[in-house]
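Me: I am in my first year and would like a close look at a single part of this protein, the sheet and whatever packs against it. Please take me through it slowly, and then show me how the surroundings connect to it.

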Amino acid sequence: MKKIAVLGLHHDHVWSNVEELVRQPDVEVVAAADHHPELLERFREKFGGRSYADYNELLEIEKDLCAAYVFASNKLSEELALKALERGLHCLVEKPMAASLAGADAMLAAASERNLRLMINWPFAWWPQLQYAMHLASSGEIGQLWQVKYRAAHEGPKELGCSEYFCEWLYDKTLNGGGGAYMDYCCYGSVLAQSLLGTPTSVTAVKIHALKEDLDSDDNAMLILSYPNALATTEGSWTQIGKMTAYTTVLYGSTGTLLIEPRHGGKLFKATADDPDGSELPVPELSPHLVDSAAHFLHLIDHPEQPYHPLCDPQNGRDAQAILAAGLTAANEGRSVTLS
């Protein structure tokens, strides 16, 4: 029986991920810690287990833990993950891994030193059509990949219905990691490009405060990643009306183009010179260990020789953090920043 604790409940993604976890066999979610009493009460009602107002107290008292789920603000998550790793616990950390590159580096080093799993959870990693498109692109099915394009967008966290606990830190530059929509949403395209194309040679970014008067950071942003023979664009918006183009991924190759619709149930289309309008591709069922975050995390713990899905690999997560850090510098100083 794997005993797992949850560190942080003020990231709204925690509830669906813990629901997936408790459905797994031979797993017990034994405790949670957070500094909001209301969230601890909600946890007890949904999942049972013990609750702690102090994160350190949980780590000190709960002696039989195997792993930790970390769902706090970006800044606090890097601190909590580091403490859990130093305690010898495998960790699943919600994207984008950390608030800073220094934090991501410290987490990666702690996991490596102790031979522990450090999985970064990206919600879009579990879309079957995206997993298959990444496989096709990496296998050369569309020739030489020369552009990765991803756009994440909605009307804004509050407008979307995010909880007050989530918005409290999403709207805070320090807790978020230096940006609003930029850090929240440009991170997705960064890790996708890193997974498919590797580290860019340079990064350019633009952040704007377009519409939200109650926000002291950006509500729209764009990152451009330059490679010797490729490029990637990653967009984030907290002001888009409607769902058109939101969360859509496009992979451009020398012999074909893949368009990936978002969310579970989204379709995958491929265009070629002989089929310029594109046709839907059948998407195979996912392997059992790739259907959701819990299945993959437990598989990684049970099979230490098995690789991470590229999107969940902490090295790619760390390198995406480097892209985001370079982009912040680029946006703030109005210049391109060289990475390699």
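Reply: Strand S2, which covers residues 27-33, pairs with S3 in the parallel sense over three bridges, and at one place in this pairing Ala 33 has Tyr 52 of S3 as its bridge partner. This is a predicted model, and what follows should be read with that in mind.

The two strands belong to an open sheet of six strands, whose order is S3-S2-S1-S4-S5-S6 and whose pairing is parallel. Strand S3 (50-52) and strand S6 (118-121) stand at the edges and have a single partner strand each, so one side of each is left without a neighbour in the sheet. If the direction is ignored, neighbouring strands of this sheet are turned against each other by 20° on average.

Two helices can now be added to the picture. Helix H1, made of residues 14-22, lies across strand S1 (2-7), S2, strand S4 (67-70), strand S5 (90-94) and S6, and runs at about 150° to S2. Helix H11, made of residues 293-302, also packs on the sheet, where it touches S1, S2, S4, S5 and S6, while its direction makes about 150° with that of S4.

One residue of H11 deserves a closer look, namely His 299. With a relative accessible area of 16%, His 299 is buried, because the limit for that word is under 20%. Once its neighbours within four places in sequence are left aside, His 299 is in contact with His 289 and Gln 306.

From here we can turn to the nonpolar core. In soluble globular proteins, nonpolar side chains tend to be buried together. The largest nonpolar core in this model has 115 residues, and among its members Tyr 69, Phe 124 and Leu 251 touch the most others. Helix H10 gives the most to this core, with eleven residues. Phe 124, not counting residues up to four places away in sequence, touches Leu 130, Tyr 150, Tyr 188, Val 191, Leu 192 and Leu 311.

Two of these partners, Leu 130 and Leu 192, lead on to a pair of packed helices. Helix H6 (residues 128-138) and helix H10 (residues 181-197) pack at an angle of about 35°, and their axes are 10 Å apart. On the H6 side the contact is made by Leu 130, Met 134, Ala 137 and Ser 138, and on the H10 side by Leu 192, Ser 195 and Leu 196. Sorted by character, the residues of this contact comprise five nonpolar, two polar and no charged.

The cysteines can be treated carefully as well, since the structure holds zero disulfides. Cys 162 is in no disulfide, and the nearest cysteine sulfur, which belongs to Cys 167, is 5.1 Å away. Cys 162 counts as buried, with 18% relative accessibility. The sulfur of Cys 187 has its closest cysteine sulfur in Cys 186, at 7.8 Å, which is too far for a bond, and Cys 187 counts as buried at 0% relative accessibility.

For a contrast with the parallel pairing in the sheet described above, consider strand S12 (residues 257-260) and strand S13 (residues 268-271), which run antiparallel and are joined by four bridges. Here Thr 257 stands opposite Ala 271 in S13. S13 also pairs with strand S14 (residues 279-281), again in the antiparallel sense, over three bridges, and there Lys 270 has Ser 279 of S14 as its bridge partner.

How values were computed: Residues are numbered from 1 along each chain as its sequence is written. This is a predicted model: local features need pLDDT of at least 70, side-chain atom pairs count only at pLDDT 80 or more; totals for chains, interfaces and linings use all residues. Side-chain values use heavy atoms; hydrogens and water are left out. A disulfide is a pair of cysteine sulfur atoms within 2.5 Å. Buried means under 20% relative accessible area, exposed over 50%, partly exposed in between (1.4 Å probe, protein chains only). Axes are lines fitted to C-alpha atoms, for helices over the stretch in contact, and angles run from 0 to 180 degrees between N-to-C directions. Contact means heavy atoms within 4.5 Å. Ala, Val, Leu, Ile, Met, Phe, Trp, Tyr, Cys and Pro count as nonpolar, Asp, Glu, Lys and Arg as charged, and the others, Gly among them, as polar. Two strands pair if DSSP finds at least two bridges between them. A nonpolar core is a set of buried Ala, Val, Leu, Ile, Met, Phe, Trp, Tyr and Cys residues joined through side-chain atoms within 4.5 Å.
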